[in-house]
Amino acid sequence: MGYQENPRTTDYTQWSNEELLEEYKRTSSQVMKQELAKRYIYVVRSIAIQMRDVYIGFSQLEDIIQEGVITVMSAIDKFELEKNVKFETYISKRIRGMIIDLARKQDWIPRTVRKNVKDLEQATAELFEKLGRTPSTKEVVAYMGITEEKYQKILAKTNLFHILSLDMVIEENSENPKVLQLPSVEDEEQPEQSYLNKEFHEVLEQSILKLKENEQKVIALYYVEELNMKEIAKIMQVSEPRISQIHAHALKKLKEYIEQYNQ
């Protein structure tokens with residue numbers, strides 16, 4: 001497709017995203033770059049809404065979307081067509097990383113929240129040992145001497161705590177500093193790096209298979225199908241707090257499995 005001869009060069013409505021991206025790589029047209037960024041705002045907004053609880057304490061949705069657009073603009077230049085990776089997948093990872101980095105810098109988890117999370121996990125563990133089964137919401141609430149409203153708030157923060165912790169562990173493993181560097185500038189061309197990345201993903205898959213069936217289902221519905229807790233609760237026919245509890249337990253187990261692999 002010749003850039004100079006094409007009559008659609010100023011009207012991109014008929015261009016596919018792939019065509020536009022390929023042409024931008026060839027021409028470095030800033031108009032094309034801006035058009036691409038506009039087309040992928042929906043990805044930014046979707047991820048920003050999904051992760052809003054991570055930044056709600058220090059930033060607004062629109063501010064995160066603006067940061068996400070900047071991330072997309074940068075990703076357009078860095079993206080390599082020959083890698084055979086979908087651009088949506090490429091930018092999704094970077095937008096999530098941007099939000100996580102902002103959360104890290106803000107130290108978004110206060111000391112009181114960390115203590116509440118620890119107290120909730122300890123109470124659940126003690127009740128499980130005492131009852132021989134997973135305690136109900138009412139049993140945990142009564143044991144801790146708190147209201148159900150406060151319990152649900154703590155549970156929500158617990159989920160976010162484990163999500164962020166798990167993302168950090170995965171990111172640290174994907175940037176494994178122990179890899180022996182061979183004479184190549186591309187990570188994917190490093191035999192050791194390629195092997196370790198593949199090995200790590202296999203460990204993650206195996207870790208998920210170690211989870212209970214209901215935990216696997218919650219993880220799949222939340223991260224693959226991108227459903228919220230209310231929607232998952234309806235599908236699994238249990239309460240929303242129960243889904244949050246299963247989710248938190250599953251993430252905690254995955255984090256422990258991955259950390260064992262990283263030792």
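## Salt bridges

In this predicted model, the count of salt bridges comes to 8. Let us start with one that spans the fold: Asp-77 and Lys-33 meet through their side chains, with N to O at 2.6 Å. Asp-77 belongs to helix H5 (residues 61–78) and Lys-33 to helix H2 (residues 30–39), so this pair, 44 residues apart, links distant parts of the chain. The two partners sit in unlike surroundings, as their accessibilities show: Asp-77 is partly exposed at 41% relative accessibility, while Lys-33 has a relative accessible area of 10% and is buried.

Two other bridges stay within a single helix. Glu-35 pairs with Arg-39, and their closest N and O atoms are 3.1 Å apart. Both residues lie in helix H2, and because they are 4 residues apart, about one helical turn separates them. Glu-35 is partly exposed, with a relative accessible area of 23%, whereas Arg-39, at 18%, is buried; the limit for buried is under 20%.

Helix H7 (residues 111–131) offers a similar arrangement. Here the side chains of Asp-119 and Lys-115 form a salt bridge of 2.9 Å, N to O. These residues are also 4 apart, so about one helical turn lies between them. Asp-119 is partly exposed with a relative accessible area of 28%, and Lys-115 counts as exposed at 53%.

## The nonpolar cores

The largest nonpolar core holds 29 residues, and the members that touch the most others are Phe-87, Ile-91, Ile-95 and Ile-99. Six helices each supply at least two of its residues: H1 (17–27), H2, H3 (41–50), H4 (52–55), H5 and H6 (87–106). Helix H6 gives the most, with 8 residues.

Ile-95 gives a good view of the packing. Leaving aside residues up to four places away in sequence, Ile-95 touches Val-43, Val-44, Ile-47, Thr-71 and Val-72. Apart from the largest core lies another one, of 9 residues, including Leu-221, Tyr-222, Ala-233 and Ile-243.

## Aromatic pairs

The structure holds 6 aromatic pairs. One of them joins Tyr-12 and Trp-15 edge-to-face, at 5.5 Å centre to centre and with 90° between the planes. Tyr-12 and Trp-15 are both buried.

Phe-79 and Phe-87 also make a pair, with ring centres 5.0 Å apart; their planes stand at 75°, so the arrangement is edge-to-face. Phe-79 is buried with a relative accessible area of 6%, and Phe-87 is likewise buried, at 5%. Phe-87, already met as one of the core residues touching the most other members, takes part in a wider cluster too: ring pairs link Tyr-40, Tyr-42, Phe-79, Phe-87 and Tyr-90.

## Two arginines to look at

Arg-94 brings a charge to this aromatic cluster. Its charged end sits over the ring of Tyr-90, 3.7 Å from the ring centre, and Tyr-90 is one of the residues linked by ring pairs.

Arg-114 is placed in helix H7 and is partly exposed, with a relative accessible area of 38%. Its C-alpha atom is separated by 9.5 Å from that of Ile-154, and the two residues are 40 apart along the chain.

Note on methods: Residues numbered from 1 in each chain as written. Predicted model: local features only at pLDDT ≥ 70, side-chain atom pairs only at ≥ 80, totals over all residues. Heavy atoms only, no water. Salt bridge = Lys/Arg side-chain N within 4 Å of Asp/Glu carboxyl O. Buried < 20%, exposed > 50% of the residue type's maximum accessible area, 1.4 Å probe, protein only. Core = buried A, V, L, I, M, F, W, Y, C linked by side-chain atoms within 4.5 Å. Contact = heavy atoms within 4.5 Å. Phe/Tyr/Trp six-rings, centres within 6.5 Å; stacked < 30°, edge-to-face > 60°. Lys NZ or Arg CZ within 6 Å of the ring centre and 35° of its normal.
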